[in-house]
Amino acid sequence: MLNIGSPLYGGAVDESGQLQTAVVRAGCFDDLEVLKGKKPSVEIYTAQRMEWILPVEGAAQFEGMLPAR
């Protein structure tokens, strides 16, 4: 099977296999109404952020991926 495209979601599981964190990539939404009134609580890969893009106020900032728990 050939996989084409970008992942729509991701997550982190603990040692027992239980889902601890779920991530939905906001760029996958075709309907922008879904995103109104919502804002990210975490930003990842901020070290690569373009200087003209401002951080999301109140969101935790990580230069790379989220730290392991």
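## Strands, loops and surface of a predicted model

In this predicted model, residues 24 or more positions apart make up 5% of the contacts in the chain with a separation of 6 or more.

Q: Which pattern does the chain follow when read along the sequence?
A: The chain has 4 strands. Helices number 0. Read along the sequence, the pattern is β-β-β-β.

Q: How many bridges join strand 1 to strand 2?
A: Strand 1 covers residues 9-13, and strand 2 covers residues 19-24. The two run antiparallel. The bridges that join them number 5.

Q: Which residue in strand 2 does Gly-10 stand opposite?
A: Gly-10 falls within strand 1, residues 9-13. Strand 1 is joined to strand 2 by bridges. Opposite Gly-10 stands Val-23.

Q: Which residue in the turn of the hairpin has a positive phi?
A: Strand 1 and strand 2 form the hairpin, with 5 residues between them. In that turn, a phi of about 95 degrees belongs to Gly-17.

Q: Is Thr-46 buried or exposed?
A: Thr-46 lies in the loop between strand 3 (42-43) and strand 4. Its relative accessible area is 15%. The cut-off for burial is under 20%, so at 15% Thr-46 counts as buried.

Q: Which residues is Thr-46 in contact with, leaving aside its neighbours within four places in sequence?
A: Thr-46 sits in the loop between strand 3 and strand 4. Strand 4 spans 60-61, and one of the contacts of Thr-46 is Gln-61. The full set is Gln-61, Phe-62 and Glu-63.

Q: Is Glu-57 buried or exposed?
A: Glu-57 is also placed in the loop between strand 3 and strand 4. Its relative accessibility is 67%. Exposed means over 50%, so at 67% Glu-57 counts as exposed.

Q: How far apart in space are Glu-57 and Lys-39, C-alpha to C-alpha?
A: In sequence, Glu-57 and Lys-39 are 18 residues apart. In space, C-alpha to C-alpha, the separation is 9.1 Å.

Q: What is the area of the nonpolar surface patch that includes Met-65?
A: Met-65 lies in the segment after strand 4. Its partners in the patch are Val-42, Ile-44, Tyr-45 and Leu-66. Val-42 belongs to strand 3 (42-43). The patch comes to about 410 Å².

Q: What share of the accessible surface belongs to carbon and sulfur atoms?
A: Of the 69 residues of the chain, 6% count as buried. The accessible surface of the chain is about 6,500 Å². The carbon and sulfur share is 57%.

Conventions:
Residues numbered from 1 in each chain as written. Predicted model: local features only at pLDDT ≥ 70, side-chain atom pairs only at ≥ 80, totals over all residues. Heavy atoms only, no water. Patch = residues over 30% accessible without salt bridge, like charges linked within 9 Å, V, L, I, M, F, W, Y side chains within 5 Å. Areas by Shrake-Rupley, 256 points an atom, 1.4 Å probe, with all protein chains shown as cover. Salt bridge = Lys/Arg side-chain N within 4 Å of Asp/Glu carboxyl O. Pairing = 2+ DSSP bridges. Buried < 20%, exposed > 50% of the residue type's maximum accessible area, 1.4 Å probe, protein only. Contact = heavy atoms within 4.5 Å.
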